[in-house]
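Biologist: I have a chain to go through with you. Can you pull it up so we can talk about the fold?

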Amino acid sequence: FATGTWSPTSTGTNVPSARINHTAVWTGSQMVVFGGWDYAASPTYFANGGRYLSTTDTWSAMSDTNAPSVRRDHVSVWTGSKVIVWGGYGYDVGTTSYAYLSDGGLYDPALALDSWTAMPAPPANFNGREGASYVWTGSKLIVWGGYGYNPDSSVNEYFHDGSIYDPSANSWTSMGGTPPFARAWASAVWTGTDFIVWGGRYGAGSNDYYTDGRKYNLSTGRWTAISDTGAPEARTGQSTVWTGTEMLVYGGGGYSTYTKSGSAYNPSTDRWSPIGWGNGSWARDWATGVWDSINKQAYFWGGAEGSLYHNSGDIYSP
């Protein structure tokens, strides 16, 4: 693998303001950034973003007409023609206050269109949330778990329900079966047939971290437990990628702990195998991870160990 080079993106016209907990998707020609917040500025939440065209190193403004309200920690995927934004924590137009959100929108990033369309509401019992696990299946958005407000119990809690949005039908369907225990910030991948959820947390106590998981078959609507033999120790904030055959889980942490270990789960054999430590990397959580299908390797970068933030990364080749 040849040594790569870094170059800065444009800081000129239409660059979005500084923020964290936003989302970014790649359309095949543009990077579309939306939402997030600047917690040091009062804080300030955003309902805007931008479109970055790498071929010209330029940013284009994003329309805010009919855009979702300001939010952070939301769901965002690329469908092949639209960007879907749903949920998160931000401003609820209906209650005129900040809350966990259950609304969203579809954005068409084509330069000539630049338009938003509101999404229909999910099932009535599918509450607004942040930290949900989600995947794009190629035709549907699956959203499961997360943390938010439950009006039935009048408290904030972790969820163990899920819902599926079909853009072609513009409708939601509740997930059935027996799901994993409630949790947020868990690993999630799509295998081509199954939605796999692993790890995450259910609270902030020392015993509130999980090392188990389940997989949901979209065709049958059933959940099945996956093996925990050889699984990584309980954690959240881990980086997760799908290689085409395995789910790689790397880094993350538990209660005041951080790790640089990882494991690979093969759903065809229902087995875990260790992937070891990164080459001189620091233990960290909340790093990003992507899979390079051409060179058959994963890239992990960034993250934090407490108040120590990292600008380094590792390349893992199975």
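Biologist: How many helices and strands does the protein chain have?

Modeller: This is a predicted model. The protein chain has zero helices and 34 strands.

Biologist: What is the radius of gyration, against what the globule rule gives?

Modeller: The radius of gyration is 19 Å and the globule rule gives 20 Å for 318 residues, so the protein chain is as compact as a globular protein of that length. The C-alpha trace spans about 50 × 50 × 40 Å along its principal axes.

Biologist: What share of the residues is buried?

Modeller: Of the 318 residues, 49% count as buried. The accessible surface comes to about 15,300 Å², and carbon and sulfur atoms hold 51% of that surface.

Biologist: And contacts: what percentage join residues at least 24 apart?

Modeller: That is 49%, counted among contacts between residues at least 6 apart in sequence.

Biologist: Switching to the sheet with β30, β31 and β34. What is the strand order there?

Modeller: The order is β30-β31-β34, in an open sheet of three strands with antiparallel pairing. β30 (288–292) and β34 (313–316) are the edge strands, each pairing on one side only. On average, neighbouring strands of this sheet are turned by 15° against each other, direction ignored.

Biologist: Over how many bridges do β31 and β34 pair?

Modeller: Four bridges, in the antiparallel sense, with β31 covering residues 297–301.

Biologist: Which residue in β34 does Y299 stand opposite?

Modeller: Y299 stands opposite I315.

Note on methods. Residues numbered from 1 in each chain as written. Predicted model: local features only at pLDDT ≥ 70, side-chain atom pairs only at ≥ 80, totals over all residues. Heavy atoms only, no water. Pairing = 2+ DSSP bridges. Helix = DSSP H or I, 4+ residues; strand = E, 2+ residues; numbered from the N terminus. Axes fitted to C-alpha atoms, helices over the stretch in contact; angles between N-to-C directions. Rg over C-alpha atoms; globule rule 2.2 N^0.38 Å. Buried < 20%, exposed > 50% of the residue type's maximum accessible area, 1.4 Å probe, protein only. Contact = heavy atoms within 4.5 Å. Areas by Shrake-Rupley, 256 points an atom, 1.4 Å probe, with all protein chains shown as cover.
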